[in-house]
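Here is a short tour for anyone who likes to look at a fold before planning work at the bench. Please have the viewer open as you read.

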Number of protein chains: 2
Amino acid sequence: MTQRDASVETIQQEMTAFARRARATAARMHPELSLVSYTLLAHLDDQQGCRATDLAAHYYLDKSTVSRQIAALEKLGFVERRIDPDDHRVQVLHPTAEGAQVLANVTASRRQAFHERLADWGEEDLDRFASYLVRYNAAQEKLG
Amino acid sequence: MTQRDASVETIQQEMTAFARRARATAARMHPELSLVSYTLLAHLDDQQGCRATDLAAHYYLDKSTVSRQIAALEKLGFVERRIDPDDHRVQVLHPTAEGAQVLANVTASRRQAFHERLADWGEEDLDRFASYLVRYNAAQEKLG
DNA sequence: ACGCCACGTTGTACTGTACAACTAGTTTCC
DNA sequence: GGAAACTAGTTGTACAGTACAACGTGGCGT
């Protein structure tokens, strides 16, 4: 096995290990907002509102899945729907004030957890790791 | 925001994005063996057999979850149980010949997918990426 | 105006997961 | 030697997340 094969193998194993754990870790840390809900809410916040269809496309989720996730977030009072006056089929989704607040809390706590995990990393390593991940995910997106 | 903060932010986002997609991607690529089953079966293969409890501990899964996953793998004919003659509570789990074969196929195809995704990476970048992932996951393990 | 397309919801089914209660072996310790 | 405590695994139950298919409703093109 070449060095190259060994690296690829490691990357595969480690990415897989990470993926397996991510949900459970997130759930333990933030029982009030699952990883999926968090991601969707964060996207709404980031985009200053968007449609359910956009969320589905962006996250490769079925529209029914998004519909239910949003319904749950609405029930919690974290998201509100604004019917587009120009097209009554469309609902533009926005975080509520409360939703934005919860999101901010979870984001802060996630960020802190990541900072802790990465505390003893040097600047240069962090920077490189970040760019590798971006590159890797971009490639995955392209190849499916 | 410092450079350091920005890097941490990116790492967080990209790891999260990856985690969200991993299961679905795995399911699309390998309908015959889910990500979880694959992982468990691979561990059995790797360890030359182990107990259900060991799998649960290693993957932070409840023993009931492992029990059901193994039951499913057994039903598919991919795993067999051998009662430990010294302790009749214990079942040592092993991949069957067929299980090992399926595992080998999936592993090969996963490996190829990873190789494709990483095809245009240089040796040195691959190596560094791999070691960053190891380091990151090790830190996560330590801190919970 | 009719048919087609886009947006979203609802019915249904399945996977992965945890927790709690249970059964059945094993070890400890008096 | 036997009761209590422990360990391995299974089963009942519940729930989240997900997809697919069928549907309702609203807008658009010819």
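## Chain A and two loop residues

Of the 144 residues in chain A, 43% are buried (under 20% relative accessible area, with a 1.4 Å probe and protein chains only). This is a predicted model, in which local features need pLDDT of at least 70, side-chain atom pairs count only at pLDDT 80 or more, and totals for chains, interfaces and linings use all residues. Residues are numbered from 1 along each chain as its sequence is written, chains are lettered from A and ligands numbered from 1 in the order in which they are written, and side-chain values use heavy atoms, without hydrogens and water.

Chain A holds six helices and two strands, in the order α-α-α-α-β-β-α-α; these are DSSP runs numbered from the N terminus, with helices being H or I of at least four residues and strands E of at least two. Helix α1 of chain A covers residues 3-29 and reaches 37 Å from its first C-alpha to its last. At A:Ala22, α1(A) bends by about 35°, the angle between axes fitted to the seven residues ending there and the seven starting there.

Now for two residues in chain B. Most residues other than glycine have a negative phi, yet the two below have positive values.

| Residue | Phi | Loop in chain B | Relative accessibility |
|---|---|---|---|
| B:Gln48 | about 60° | between α2 (35-47) and β1 (50-51) | 67%, exposed (over 50%) |
| B:Tyr60 | near 55° | between α3 (52-59) and α4 (63-75) | 47%, partly exposed (between 20% and 50%) |

Methods:
Expected span 1.5 Å × (residues − 1).
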